Structures are given as C-alpha cells and as structure tokens.
Amino acid sequence: MLCNNSMLLNIKMGQTERQAVFLLMVSGQIDSGYFPEFESLFCKYNFTHGDDWNVVTGLVEGNTQTSKRGENLYGTFAWNFPLDVTFKSSNPFGWPQLVISCFGPDYLGTEVVRGYGAVHVPITPGQHKRKIPMYVPESSSSFQRFLAWLTHRRPEFHEPTMVARSEGREVARVRSQGYITITFNVVTRDMKKLGYDTIASEVINPSGITAEAMSLVQDTGKKEMQTSYQFT
C-alpha cells in the first residue's frame, strides 16, 4: 500500500512539473557569413540562457566546418551548419541567446578571432532570418597594439559568452567586422497555459483588419441577411 501511494505521489509530482514548465524547440542553421578581408573561416557557437532554463535535448555548443570565401559576386562564406536544441523553463527571464565566434588564420597560420556576435532566439513560433553584426575587441593603446602584433596574440574575450551579457561591455573597445546570417525554426509548447502569449499580431490577424472594420462587416452581413429574409 505504501509503495502504491509513493508511486501515485511521484506520478502526480511529474504531472505537476510538466504543467509548470514550457518548452522551446529551436532548429535551423548557420547559413553564411560576409567577411571580405579573409579567405578562410570557421565558427564556434554556444547557446547561453538564464538560471531557470534547462536543456532537454540537443547540442548547445559546437564548431562548424572551415569554409573558403566564395568567388561569386558577394564573396560570402557558406556553412549551412545545422542547429537543433530543446529547452524547458518556467520563466521567460534569461531567454536563450546564440553566441557566435569566428576564427581564421593570420598571415603566419595562427588561428585568431575574426568576430564575435550574439542574437536572441526569436520568441514567436515560425521561421526567422537573423543577421548578426560581428565585431572584434581592440587594444586600448598603441603600445598594446604593437605588442599584440609582435607576439601574434590579438585581443580576444576570455569567455565568448561575454558578448551576450551587459556586465563589463562599457569598458571594451571593439571594431565592427562583417556579419553572419542565421535561420531559426522556433516551436513553443505550453506557453499559453502559463499565461505567455508569443503569437505575432500578423499571425492572429493576417489580413490586418481592425476590430472596427470587422464589426462593420459583420453588421453589414446581418442587415443583408435580414433584407433577404424580408423579400423571401
């Protein structure tokens, strides 16, 4: 009897836990990048999130393959590297962000950072395209710039996820350098049950008809129906 009661208690606790969380399923790919100054690049990616979030399945970090700059008109780097991860949480605070770090060889063949960037995972379900501006840290003085050139050790962040936080960003000197294109496919589950509405207004009302116009159309339809009934 005690065993059955404990089993029922565990089942109820599991159901309560499932009802108290929502799921965020993210797939897509790192499409391409535009860095006209370089010939060869690869990317490291990392999903960062708040303390209330947990990873259910999938990979939150990884490396892409090395890509050569295309010889077409745009000169882009094509990776088409897949992303697939599922999160669960009870609180939207700390919504996941995707952090991208690009690396490539310098003139001596040493792998150096070519750009950092971060973007929030879209909150609305569906497919989304995002263009992430990339930047690199710079030396704070001419002497440090000369020392970095002499030792072939350019400035870089000790922790790449720093670009997804606000702490310490005001003292960092950076320079813009290229961009990366990302495709997100977002699916959410049970957010409505917890009181969170993430459906875009265009999805709720795709035609853009206002409430006043809709009521006017409905009133006109009722009058036409009443008129037709009188004639019949």
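Here is a quick tour of this structure, from its nonpolar cores to the parts to treat with care. Keep in mind that this is a predicted model. Its chain averages a pLDDT of 78, and 69% of the residues score at least 70. The largest nonpolar core has 30 residues, and strand E6 (77–89) turns up again and again below, both in that core and in strand pairing.

**The cores**

- Within the 30-residue core, the members that touch the most other members are Ile30, Trp79, Leu98, Ile100 and Ile180.
- Six strands each supply two or more residues to this core: E1 (22–34), E2 (40–48), E6 (77–89), E7 (97–105), E9 (126–137) and E10 (174–189).
- The top contributor is E6, which gives six residues.
- There is another core, lying apart from this one; it has ten residues, including Phe42, Phe103, Phe157 and Val163.
- As background, nonpolar side chains tend to be buried together in soluble globular proteins.

**A closer look at Ile30**

- Setting aside neighbours within four places in sequence, Ile30 is in contact with Trp79, Ile100 and Ile180, among others.
- Its contacts also include Tyr45, Phe81, Leu83 and Ile182, as well as Thr64, Asn80 and Thr181.

**How the strands pair up**

- E1 and E6 run antiparallel to each other, and eleven bridges link them.
- One of the places to spot this pairing is Leu23, whose bridge partner in E6 is Lys88.
- E6 also pairs with strand E3 (residues 53–58), again in the antiparallel sense, over five bridges.
- Look for Trp53 here: Ser89 in E6 stands opposite it.

**His128, a buried histidine**

- His128 sits in strand E9.
- Its relative accessible area is just 13%, so His128 counts as buried, the cut-off being under 20%.
- A polar atom of the His128 side chain lies 2.7 Å from the backbone oxygen of Thr124.
- Not counting residues up to four places away in sequence, His128 touches Pro122, Ile182, Thr183, Phe184 and Val186.
- Ile182 is worth a second glance, as it appears among the contacts of His128 and also among those of Ile30.

**Where to be careful**

- Residues 5–17 have a pLDDT below 50, and this stretch has one contact in the model beyond near neighbours in sequence.
- Residues 203–211 likewise stay under 50 in pLDDT, with three contacts beyond four places in sequence.
- Where pLDDT is low, the predicted coordinates shouldn't be read in detail.

Methods
Residues numbered from 1 in each chain as written. Predicted model: local features only at pLDDT ≥ 70, side-chain atom pairs only at ≥ 80, totals over all residues. Heavy atoms only, no water. Core = buried A, V, L, I, M, F, W, Y, C linked by side-chain atoms within 4.5 Å. Buried < 20%, exposed > 50% of the residue type's maximum accessible area, 1.4 Å probe, protein only. Helix = DSSP H or I, 4+ residues; strand = E, 2+ residues; numbered from the N terminus. Contact = heavy atoms within 4.5 Å. Pairing = 2+ DSSP bridges. Polar contact = N/O pair within 3.5 Å; in protein donor to acceptor, adjacent residues only side chain to side chain. pLDDT = per-residue confidence, 0-100.
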